[in-house]
Amino acid sequence: MLDQMRKNSRSLLISGLFVIIIVTFIISFGPQSRGTTCDQVTSDEHYAARVGGDVISNNDYRYGYFLSWGDRYPPKVARMQHVKERVMDELIERELLTSMAEKLGYVVTDEEVDAQIGEAKVTDLNGVTETLPLLQKDGQYSYDALKSFVRGRLQQTPNDFFAQQKKELLAQRVRKLVRSSVTVSPDEVKADFIRKNRQLNLEYMRFASRRQESEIAPTDAEISAFAAKNEAKLKEAYDQKKFLYEKAPAQRRLRQILVKVPHDADEKADKAAREKADALVEKLKRGAKSSGKDALMFAELARQSSDDAATKARGGDLGWRAKGGTNLQGDAEEKLFAAKEGTLVGPLKGNDGYAITKVEGSREGHIPFEKARAELAEEKLRQEQSVTRAKAAADAALAKAKENPSATLKTIFPPPSDTQEASAADSAAPRVEETGMSAIRMTPDGALIEGIGASNTLAKAAIALTTDKPLAGPVAVGDNFYVIRLKERKEPDLAEYERRKLDLAREAEAAKGYRVLMDWMKAVCVEARDAKRISVNLEMLKYNDEGNEQPSYEPCAGYSSNAFGG
């Protein structure tokens with residue numbers, strides 16, 4: 001629907017408007033304009049930011065920060081919510097808009113500012129004008145109250161405050177120009193009403209590819225063949241993870257057999273687990289003496305006897321582990337790291353029971369691509385194979401459901417009974433769940449289905465379901481595949497639409513105007529940023545918390561990546 005709305009907005013009026021504004025922007029912020037070419041400056045006492053040839057002063061930033069009540073946040077909360085960065089975004093946007101307003105010939109007179117403030121109204125950094133009770137006394141505007149607010153809260157003089165408000169009104173003029181030039185057709189309004197009010201109850205099964213990874217143990221030959229075919233892909237993965245390989249702490253390549261001990265186990269249960277672990281060690285030693293293939297024997301025994309579901313199918317392979325990731329602690333972990341390659345360590349009591357561990361390698365410091373290549377190839381291969389397995393499982397479930405399309409998924413795939421002890425395979429099997437009656441909502445990431453997530457493809461498939469054709473899938477959403485079945489559907493009341501269509505049209509026009517404004521404003525900001533016409537004094541963005549670290553900041557990053565409504 002958004003694409004259609006954007007297509008319809010390309011009227012002569014709005015196209016002409018955008019041409020005027022874009023030309024104005026190029027004149028104001030193009031290569032011939034004044035201003036620094038640095039993206040960021042780490043320290044400068046005299047300004048908070050520069051936009052083209054205009055300066056956002058420290059005083060401007062303080063005004064925006066206090067007007068937004070930024071000082072009311074505890075430092076840690078302010079950092080978490082990016083309060084200072086948001087204020088900087090809004091001031092940069094205001095500077096871009098006021099420069100455009102002036103080039104377009106807009107003027108805000110002193111009388112207009114006086115009239116607005118005389119009604120105790122203030123325009124904030126987002127262009128919203130509201131009555132501010134702090135400018136009133138006994139319900140009426142008071143100049144004394146204004147002075148108290150401006151000097152005490154904003155740390156400004158009244159004249160400074162009036163000048164700031166004039167800028168807000170200029171920026172507001174351009175926002176209104178863009179938003180008021182947007183129109184919405186009756187068909188768009190009706191389609192939006194139907195989308196927001198159509199309710200679906202879906203049964204669904206989620207097939208998670210990550211769940212399959214623990215079952216996949218590619219051979220050395222498979223890993224080598226994959227690496228040979230995907231060299232560029234592996235180098236890209238290495239570059240993305242380079243920080244892990246440049247100064248790696250001491251690591252060990254480990255295989256491990258776990259004999260679980262419940263956390264509430266008594267002495268007798270603990271002793272039994274220890275005896276079982278001792279017996280497994282003896283079995284390993286006998287196997288090593290008889291065949292000399294101790295590594296193979298260890299993997300086989302891990303597949304047979306380990307209680308660690310995550311590594312059992314892979315022969316107990318933990319991969320490379322640093323201290324803190326070995327399932328052991330304290331002296332037990334120190335023993336492990338002191339052991340030579342090929343050594344069998346344990347059983348040692350760990351986090352979840354008794355661990356028997358084999359050290360297969362060691363490394364530390366810089367790890368070049370050639371040394372990391374095999375593990376990267378194994379990781380990527382396991383990921384690809386797990387996706388293939390999850391898709392195959394989803395295909396099989398859909399085929400089974402289609403054999404009896406009138407039956408619910410819960411009937412075809414019943415959960416284990418309360419008295420039935422589920423096996424490890426059963427516990428990892430997908431469960432049938434329901435969304436409940438709900439409407440599909442639009443979000444920045446796409447159409448959202450309750451309980452599942454955002455996926456335009458899945459939403460389109462769900463909307464198309466009928467009682468005659470109730471099944472769809474598999475559809476990929478992130479790392480998962482979904483099979484869905486329509487259980488219940490409620491269509492919107494079109495009589496209500498007829499009663500409310502004028503109000504709905506106004507709401508849709510306002511929402512679309514906002515979307516168009518945000519999309520356009522982001523494009524304007526990014527163009528100025530990429531032309532290096534925005535520079536920021538990062539010292540202004542520090543928070544007075546424990547670390548007082550300089551935050552990472554990128555102008556224009558605060559704009560939504562995908563405008564949306566409803």
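## A small sheet and its helix

Strand 15 and strand 16 (residues 446-449) pair up in the antiparallel sense, with three bridges between them. One spot to look for in this predicted model is Met442, which stands opposite Ala447 in strand 16.

These two strands belong to an open sheet of three strands, ordered 15-16-17, with antiparallel pairing. Strand 15 (441-443) and strand 17 (453-454) take the edges with a single partner strand each, so one side of each has no neighbour in the sheet. Helix 20 (residues 456-463) packs on this sheet and touches strand 15, strand 16 and strand 17. The direction of helix 20 makes about 60° with that of strand 16.

## A four-stranded sheet

Now for another open sheet, this one of four strands in the order 10-9-12-11, again with antiparallel pairing. Its edge strands are strand 10 (317-322) and strand 11 (344-349), and each of them pairs on one side only. Ignoring direction, neighbouring strands here are turned by 35° against each other on average.

In the middle of that order, strand 9 (residues 248-260) and strand 12 (residues 353-365) run antiparallel and are joined by eleven bridges. If you want a landmark, find Lys260: it stands opposite Gly353 in strand 12.

## Two helices that cross

Next, have a look at helix 9 (residues 186-197) and helix 21 (residues 494-530), which pack with their axes 8 Å apart and at an angle of about 105°. Angles of 65 to 115 degrees count as roughly perpendicular, and helix 9 and helix 21 are therefore roughly perpendicular to each other.

Who makes the contact? On the helix 9 side it is Pro186, Glu188, Val189, Lys190, Phe193 and Ile194. Helix 21 brings Leu494, Glu496, Tyr497, Arg500, Lys501, Leu504, Ala505, Ala508 and Lys512. Sort the residues of this contact by type and you get nine nonpolar, six charged and no polar ones.

## A cavity inside

Finally, the empty space. The count comes to one cavity of 30 Å³ or more, and the largest cavity holds about 40 Å³ of space. Which residues line the largest cavity? They are Leu200, Leu202, Thr435, Ser438, Ala439, Ile440 and Ile449. Strand 8 (199-208) and strand 14 (438-439) are the elements that give two or more residues to this lining.

By type, the lining of the largest cavity has five nonpolar residues, two polar ones and no charged ones. One of the lining residues, Ile449, also takes us back to the start, as strand 16 covers residues 446-449.

Methods. Residues numbered from 1 in each chain as written. Predicted model: local features only at pLDDT ≥ 70, side-chain atom pairs only at ≥ 80, totals over all residues. Heavy atoms only, no water. 1 Å grid on protein atoms, 1.4 Å probe; cavity = no way out; pocket = protein on both sides within 12 Å on 5 of 7 lines; lining within 4 Å. Points joined across faces, edges and corners; volume = space filled by probe spheres on them. Nonpolar A, V, L, I, M, F, W, Y, C, P; charged D, E, K, R; others polar. Axes fitted to C-alpha atoms, helices over the stretch in contact; angles between N-to-C directions. Parallel < 35°, antiparallel > 145°, perpendicular 65-115°, else oblique. Contact = heavy atoms within 4.5 Å. Pairing = 2+ DSSP bridges.
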